[in-house]
Amino acid sequence: MRLSQMLFVTLRDDPADAEIPSHKLLVRAGYIRRIGSGIYAYLPLMWRVLQKISQIVREEMNATGAMECLLPQLQPAELWKESGRWDTYTKAEGIMFSLVDRREQNLALGPTHEEVITTIARDTIRSYRQLPVHLYQIQTKFRDEIRPRFGLMRSREFIMKDGYSFHTDEESLKKTYQDMYSAYSNMLRRCALQFRAVEADSGAIGGAGSTEFMVLAEAGEDQVLYTDDGNYAANVEKAVSLPDDAETSNFITYEKRETPNTETIEKLCKILDCSPTQVVKNVLYQAVYDNGANVLILVSIRGDQDVNEVKLYNELTKLASTYKANTIIALEVPSPEAQEKWTAKALPLGYIAPDIGDDYIKPSKQIHPKFLRLVDKTAVDLKNFVTGANESGYHVLGANWGEHFKLPEIVVDIRTARIGDRACHNPEQTLKSARGIEVGHIFQLGSKYSQAMGATYTTEQGKDKPLEMGCYGVGVSRIAQAAVEQSYDKDGIIWPVAIAPYHAIVTIPNIKDAQQVEVAEKLYTELNQAGIETVLDDRSERAGAKFKDADLIGIPYRIVTGRAIAEGKVEVVERKSSESYEIAIDEVVSILKQKIKDQLSVLME
């Protein structure tokens, strides 16, 4: 391809809406163009990158025996109502585009395809002899992001590989899950990305277990906690750890004490001269379930710890059936306005005790009449602790479970793991932190969707059983931008050879110089014939502008037909190292071919 014939426009200045380097560079280098909020066009250079990533993904998926297909982007609402996720995706998370057609039928633009693929399995899989089955697709997905940002990282339309497998049992599912773990690791290695596979929360997808694949980058929205021994890594939403040991309490006698203006743990510990590890704080939440039920939750947790609201959400979701509901559509600390709707009397905020009375809740059909009381494991073994007295300006000291307060029946691990905490698998290891960009996520779904949608198979014994299911997603367009976020400098993008739009760019400093043009045309033809994907910069631009553009777009090798051709040589510049050297014209093809081969072979190991 010749740049003079390509739709190729670079920008000098950063786009006003771009916040992170990769977003700025992809727009400036002419890879993507913003069409609307969270909506981007992939221009020719970007499309070549996406095709290369897609091919790597396709090769690794096919190597596992998975079969490629293509599923509809328009999905009937009835399927999502069958699985119980329609309200979750249109109301709770609200990330699904929904529409009504001319027949007044509700439809959705697919953010994911569990419902569609489960319907296909229900209609086509009859016997254990047909299993396991693993299908995947590479397709555009749609999500109505509340705040689209960071270019392709959090856009409303993106390219994704999503795959789904069906099995007779958990053992078969786990085998495919491990195959996908290996395949995803291979994909990212072949794209020359530094990454970590981490334990993750399953979120709205659901299922028993999941692993996220994080490309390490400072601009990552996710925090990864890991240990140096390589035996543990998890998203902070999922991470578990051992907190510091609680200090021994000095309050050996139970008493109520005036503690004015101590609404925070810090103020309380200062006035009592105690450690926050000796305090039980009681945090109030309000959950709204999909059937309209409002439930008030009181979480008792050690004073130096924070509630992990993702873990809390998951625990409350498990309890949904208790309130004749399927899922939660909202979870928050109730605002003063929200409190006015359900409180029968003023709450002693900042001074709440674990046994605050249910009579604080105003009788109402929408509000559950009793607090749901949970206690985090960090608070269970505390002795002679400090906590609220259910009276503004007062706390109790020297309190104990079973003596002064009833220990809540529901004991949970909902604390937020922190940097420096001891690791559960080895207390000698401490948690460290890195920022990551989630580019892939694999799930063991089990029978969540097959049971809800009636997808069964007949066993060898002639019995009907729900299918075991897994799902596996990787963001193709997100990988492309993550690669830029991980590899750039002050001059522009530095693409890895494996996914660069072209391997080399031949630059003619002066197109009026017949000899420069002749040598450039010769190399351009020979390089492409040798399988080295090459673009020719034959534009009527100044040499300096061409060099700047070559650095900006990040092609791995730049070949300059400048003054050295008088000696039968050309200048070759490696984008990654900025190293420059002269090579005999007749040796350019063989040398570059070997360099590219060596770089790709390392990634395949």
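This briefing covers confidence, one helix pair, a hairpin, two open sheets and some backbone features. The structure is a predicted model. Its mean pLDDT is 93, and 98% of the residues reach 70 or more. Helix 2 and helix 6 are roughly antiparallel to each other, and two sheets, with strand orders 4-6-5 and 13-19-18, are described further down.

**Confidence**

- Helix 4, residues 86-92, has the lowest mean pLDDT among the elements of the protein, at 82.
- Strand 3, residues 67-68, has the highest, at 98.

**Helix 2 and helix 6**

- Helix 2 spans residues 44-63 and helix 6 spans residues 170-190.
- The two axes come within 9 Å and cross at roughly 150 degrees.
- Angles over 145 degrees count as roughly antiparallel, and helix 2 and helix 6 are therefore roughly antiparallel to each other.
- The crossing of helix 2 past helix 6 is right-handed.
- On the helix 2 side, the contact is made by I56, V57, E59, E60 and M61.
- On the helix 6 side, M180, A183, Y184, N186, M187 and R190 take part.
- By residue class, the contact of helix 2 with helix 6 holds seven nonpolar residues, one polar residue and three charged residues.

**Hairpin of strands 1 and 2**

- Strand 1 (residues 32-36) pairs with strand 2 (residues 39-42) in the antiparallel sense, over four bridges.
- Within this pairing, R34 stands opposite Y40 of strand 2.
- The two strands form a hairpin, and two residues lie between them.
- G38, in the turn, has a positive phi of about 70 degrees.

**Sheet 4-6-5**

- Three strands make up this open sheet, in the order 4-6-5, and their pairing is antiparallel.
- Strand 4 (74-76) and strand 5 are the edge strands, and each of them pairs on one side only.
- From one strand to the next, the twist averages 35 degrees.
- Strand 4 is joined to strand 6 by three bridges in the antiparallel sense.
- P76 stands opposite L107 of strand 6.

**Sheet 13-19-18**

- This open sheet also has three strands, in the order 13-19-18, with antiparallel pairing.
- Strand 13 (255-258) and strand 18 (385-388) each have a single partner strand, so one side of each is left without a neighbour in the sheet.
- Neighbouring strands are turned by 30 degrees against each other on average, direction ignored.
- Strand 13 and strand 19 (residues 394-399) run antiparallel and are joined by four bridges.
- One bridge links R257 to its partner H395 in strand 19.

**Backbone features in loops**

- Most residues other than glycine have a negative phi, and most peptide bonds are trans.
- E104 has a positive phi of about 65 degrees although it is not a glycine.
- E104 lies in the loop between strand 5 (97-100) and strand 6 (106-109), and these two strands belong to the sheet with the order 4-6-5.
- The peptide bond from L131 to P132 is cis, with omega near 0 degrees.
- P132 lies in the loop between helix 5 (114-124) and strand 7 (133-142).

Technical notes. Residues are numbered from 1 along each chain as its sequence is written. This is a predicted model: local features need pLDDT of at least 70, side-chain atom pairs count only at pLDDT 80 or more; totals for chains, interfaces and linings use all residues. Side-chain values use heavy atoms; hydrogens and water are left out. Axes are lines fitted to C-alpha atoms, for helices over the stretch in contact, and angles run from 0 to 180 degrees between N-to-C directions. Angles under 35 degrees count as roughly parallel, over 145 as roughly antiparallel, 65 to 115 as roughly perpendicular and the rest as oblique. A crossing is left-handed if the near helix is turned anticlockwise from the far one by less than a right angle, and right-handed if clockwise. Contact means heavy atoms within 4.5 Å. Ala, Val, Leu, Ile, Met, Phe, Trp, Tyr, Cys and Pro count as nonpolar, Asp, Glu, Lys and Arg as charged, and the others, Gly among them, as polar. pLDDT is the predictor's confidence in each residue, from 0 to 100. Two strands pair if DSSP finds at least two bridges between them.
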